[in-house]
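Me: I have a chain open in the viewer and would like to go through it slowly. Could you help me read it?

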Amino acid sequence: HPSAVVGGTERRERERRSAHNCVVLEPSRVRCVYYELWCVAANRTGCKSHPSRWTERMAGVWSSCPPSVSGAEMESLLHSGCKGEQSIFCDEYIPRKNGNCGTISIPRVMTEDEKQNLSMFIDPVTKFFEEVNDAARNDREEGMPAEIFEQLKEMGAFGLQVPTELGGVGLTNTQYARMVEIVGGYDLGIGIALGAHQSIGFKGILLYGTEEHKRKYLPRLSSGELVAAYCLTEPSSGSDASSIRTRAVKSEDGKHYILNGGKIWISNGGIAEIFTVFAQTPVTDPKTGETKDKISAFVVERGFGGVTSGPPEKKMGIKASNTAEVHFEDVKVPVENLLGEEGKGFYVAMNILNNGRFGMAGALSGTMKSLIRRTAEHVSTRVQFGNKLETYGVVQEKIAHMALRQYVTESIAYLLSGNMDRGSVEYQLEAAISKIYASESAWWVADECIQLHGGMGFMTECGLERVMRDLRIFRIFEGSNDILRLFISLTGLQYAGKQLREVEKSVKGMDFGVIMSEGLKRTRRLVGSSSAPSVAEHSHKDLSVQAEQLSQLVGDFGTTCEKLLLTHRKNIIHEQFLLQRLANAAIDIYGVAAVISRASKSLSEDVPTGGYERLLTATFCQQAFDRTNHTLQSITSSKEVKLDAAMSDIAKKVVEHGEVVPVHPLGL
């Protein structure tokens, strides 16, 4: 049983914390933390506060609600938090070597004890998915067989991150990412069932539950005796989570909330006994006496009565997982089952999603590994036109892109989970980017894998079409990629706008130091020199070119953000063509930083694959450098602006006509 492997948790936790506090990172080891890349402490305006909390409140807004969210809530989200840290949105970037905020370095997050314990999990779990679980059968029968469910329970798979004292396995985020990587390589349907249970289903209890909640629910949830589900989506609220209609009103005696409403597309919805439910509650402002509906979060038991589920939904993929509607009719929820504060459920919902996203990159990294393994085997044995497929340039190009996407995704996954283990609370942007990059890369790799398998790849027997069907949902759920891109851009631009306002105030107040600083920065831009500091000295010497590319990208990115804000000001929120491009540039920059971080560590430690990782890193960085330069130039290009307007007009005409607009070429 895995829980037996993690004995001595308290001792190892002390060792791990000690290792974190004492480690001194060499200059050649660079740490990549996306939040710290964008919002580095010690800004020029003199703010000495702790890293900003505004992203904590802003995090995940557009993972569940679009920019059309109500004005009051958006205003609160956009303007909450501390002023002034440095950011690539302002072409500011100061790497350090001491492991504090502002450093780019590989985080050391596991003691040798923890690494050894993790290694003891890998072989048994891999063997289970190779020899016992049958992903094709699960897909065909559209469910998880009872014997598989029972064996997963015995393995401790339902409480991987629950503390051992509450019956769980007690894995760190990094350890968890490694375990879901294995699951993702074999059966994404099972992965979703397990993830819906613990990554989001009861995650609210771990993050916001009282000690009583944890003692009451977590032991039985960890054992698999109870299954959990996360209930947010409704027919009228997909991405716009703030528009949910489920309501919870206090009973006259004040002992219960009476819950009514319905949720759709709920993973584990038909089999769960414990639900994290979000509902509108009337909340009275103690200062004004005004009562408004605000979202609150609750732990709801099916046993409370009034909780029913619809039949399992018929889906394109992830068929091994249960998906169903859940209905609540006059459910009496004890007031003690409120999660967090009344009226703060929106933030509970978003932070649960943010916290759970990191595992997606790990899982999909595993999926890509499996697909690449299948591809390598096929092209090395398949002969066409007298030669093996592996000898053809077109095939080599596809495989190289597969390898690059997997390497970047894996680098992102473990940098993110590692920094979460180090105590970082500002990882919302990293989580959003990891979700976007991993889901889109895995889809691309699956598509090309099928392409290289030819007609065989299209056949059910081959098993690749199942993987592709399973992958399609990852670009949609837990925050659609389109909405997350807006979140990334608008979050950063909001901060950059604050910086520009500080500069404006300094000019009006004749703050000579700030005026000179800004003047010198703009002078460097005019003569073609990047105004962003170099990071070359903080990476491995063999990656100095790539580090300089990163520095230039950071500077150019900040310049572009400034131009956008000066041109569009508050109306930038409506410029979604530009915001999407800006997010794409940010994603590439993060990818560059991630692979430089990982490859620098490998080269510094003389890892056997260090030379190959350098090749991967140099190749990806050059591609990303060229791609991002083009993207940033297109954002301020008048030609591209005209093309955007044309695209908008084309789309409006299609919607207006309700179909394609041109008459048929045959006139019939």
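Reply: Let us begin with one term, since accessible areas here come from the Shrake-Rupley method with a 1.4 Å probe. Please also keep in mind that this is a predicted model.

Me: Okay, so what does the accessible surface of the chain come to?
Reply: The accessible surface comes to about 29000 Å² for the chain, and 54% of that surface belongs to carbon and sulfur atoms.

Me: And how many of the residues count as buried?
Reply: The chain has 668 residues, and 56% of them count as buried.

Me: How many helices and strands does the chain have?
Reply: There are 24 helices in the chain, together with 10 strands. As for contacts, if you take those between residues at least 6 apart in sequence, 78% of them join residues that are at least 24 apart.

Me: Let's talk about charges. How many salt bridges does the count come to?
Reply: The count comes to 23 salt bridges. One of them joins Arg581 and Glu640, with the closest N and O atoms 3.9 Å apart. This pair links distant parts of the chain, as Arg581 lies in helix α22 (residues 576-604) and Glu640 lies in helix α24 (residues 638-657), 59 residues apart.

Me: Are Arg581 and Glu640 buried or exposed?
Reply: Arg581 is buried, with a relative accessible area of 15%, and Glu640 is also buried, with a value of 18%. Both count as buried because the cut-off for that word is under 20% relative accessible area.

Me: Which other salt bridge involves helix α22?
Reply: Helix α22 also holds Asp588, whose partner Arg627 sits in helix α23 (residues 610-635), 39 residues apart, so that this pair too links distant parts of the chain. Their side chains meet in a salt bridge of 2.7 Å, taken from N to O. Asp588 counts as buried at 9% relative accessibility, whereas Arg627 counts as partly exposed at 38%.

Me: Where does Lys541 find its salt bridge partner?
Reply: Lys541 forms a salt bridge with Asp542, and their closest N and O atoms are 3.3 Å apart. Lys541 is exposed, with a relative accessible area of 65%, while Asp542 is partly exposed, with a relative accessible area of 31%.

Me: Which residues are linked in a network of salt bridges?
Reply: The network links Arg178, Glu181, Lys369, Glu410, Arg598 and Glu613.

Me: New topic, then: how many disulfides are there?
Reply: The count comes to zero disulfides. Cysteines do occur in the chain, among them Cys561, which is buried with a relative accessible area of 0%, and Cys621, which is buried with a relative accessible area of 1%.

Me: Last thing, the strands. In what sense do strand β3 and strand β7 pair?
Reply: Strand β3 (residues 256-267) pairs with strand β7 (residues 323-334) in the antiparallel sense, and the pairing runs over nine bridges. If you want a place to look, find Lys263, which stands opposite Val326 in β7.

Me: And over how many bridges do strand β6 and β7 pair?
Reply: Strand β6 (residues 307-309) and β7 pair over three bridges, in the antiparallel sense. Here Thr308 stands opposite His327 in β7.

Me: How do side chains alternate in a regular strand?
Reply: As a general rule, the side chains of a regular strand alternate between the two faces of the sheet.

Notes:
Residues numbered from 1 in each chain as written. Predicted model: local features only at pLDDT ≥ 70, side-chain atom pairs only at ≥ 80, totals over all residues. Heavy atoms only, no water. Disulfide = S-S within 2.5 Å. Buried < 20%, exposed > 50% of the residue type's maximum accessible area, 1.4 Å probe, protein only. Helix = DSSP H or I, 4+ residues; strand = E, 2+ residues; numbered from the N terminus. Contact = heavy atoms within 4.5 Å. Salt bridge = Lys/Arg side-chain N within 4 Å of Asp/Glu carboxyl O. Pairing = 2+ DSSP bridges.
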